[in-house]
Amino acid sequence: MPCGSSSGIARSAAGKTASASWRPQITGTPNIQVASLKPGAILRLYESAGAPGEVHLVLPAGLRAWETNLVEDRQTALPATTGTVTLNFSPWQVRTLLVQ
């Protein structure tokens, strides 16, 4: 599912997440793709156009995000500024996040 849309508005990814009412809102460079959104709040993003990009993940109050390794072990807490995590991507980069 692409990050951007033809209308230029933020989209929500479908599927179960950390909270029954929470769906990730991701805005930014349209070449960042959501590769996986599993139950349990694992979010896998990848850059699909071979160009650097930036996205913003909006988190509701009380939820935090961590970058994980490919087997989804927690690695690094991601800072959220006013409830938004900013992620910069290198060409073709894959990132896996845990949201709780």
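**View 1. V94, a residue of strand β9.** This is a predicted model, and the close-up starts with V94, which belongs to strand β9. Is V94 buried, exposed or partly exposed? With a relative accessibility of 45%, V94 counts as partly exposed, because that value falls between the 20% and 50% cut-offs. Look past the neighbours within four places in sequence and you'll find V94 in contact with R44, L45 and Y46. E47 is worth picking out too: 47 residues separate E47 from V94 in sequence, yet their C-alpha atoms are 6.6 Å apart.

**View 2. Strand β9 with its partners β4 and β6.** Zoom out a bit and β9 spans residues 94-99, with five of its six residues buried. Strand β4 (residues 42-47) runs antiparallel to β9, and five bridges join the two. One spot to look for is Y46, whose bridge partner in β9 is V94. Strand β6, covering residues 65-68, also pairs with β9 in the antiparallel sense, here over four bridges. Which residue of β9 does E67 stand opposite? That would be L97.

**View 3. The largest nonpolar core, a set of 16 residues.** If you want the well-connected members, go for L45, L57, V85, L87, L97 and V99, which touch the most other members. Four elements give two or more residues to this core: β4, β5 (53-58), β8 (84-89) and β9. Which of the elements gives the most? Strand β8 does, with three residues. As background, nonpolar side chains in soluble globular proteins tend to be buried together.

**View 4. Two arginines sitting over rings, R74 and R95.** R74 has its charged end over the ring of W66, at 3.9 Å from the ring centre. The other case is R95, whose charged end sits over the ring of F89, with 5.3 Å to the centre. Don't go hunting for aromatic pairs, though: the count comes to zero.

**View 5. Residues 1-19, where pLDDT stays under 50.** Take this stretch with a pinch of salt: the model has 45 contacts beyond four places in sequence for residues 1-19, but pLDDT stays under 50 throughout. Where pLDDT is low, the predicted coordinates shouldn't be read in detail. Among the elements of the chain, strand β1 (residues 11-12) has the lowest mean pLDDT, at 37, while β8 has the highest, at 94. Over the chain, pLDDT averages 75, and 69% of the residues score at least 70.

How values were computed: Residues are numbered from 1 along each chain as its sequence is written. This is a predicted model: local features need pLDDT of at least 70, side-chain atom pairs count only at pLDDT 80 or more; totals for chains, interfaces and linings use all residues. Side-chain values use heavy atoms; hydrogens and water are left out. Buried means under 20% relative accessible area, exposed over 50%, partly exposed in between (1.4 Å probe, protein chains only). Two strands pair if DSSP finds at least two bridges between them. A nonpolar core is a set of buried Ala, Val, Leu, Ile, Met, Phe, Trp, Tyr and Cys residues joined through side-chain atoms within 4.5 Å. Contact means heavy atoms within 4.5 Å. pLDDT is the predictor's confidence in each residue, from 0 to 100. Rings of Phe, Tyr and Trp (its six-membered ring) pair if their centres lie within 6.5 Å; planes under 30 degrees apart count as stacked, over 60 as edge-to-face and the rest as tilted. A charge sits over a ring if NZ of Lys or CZ of Arg is within 6 Å of the ring centre and within 35 degrees of the ring normal.
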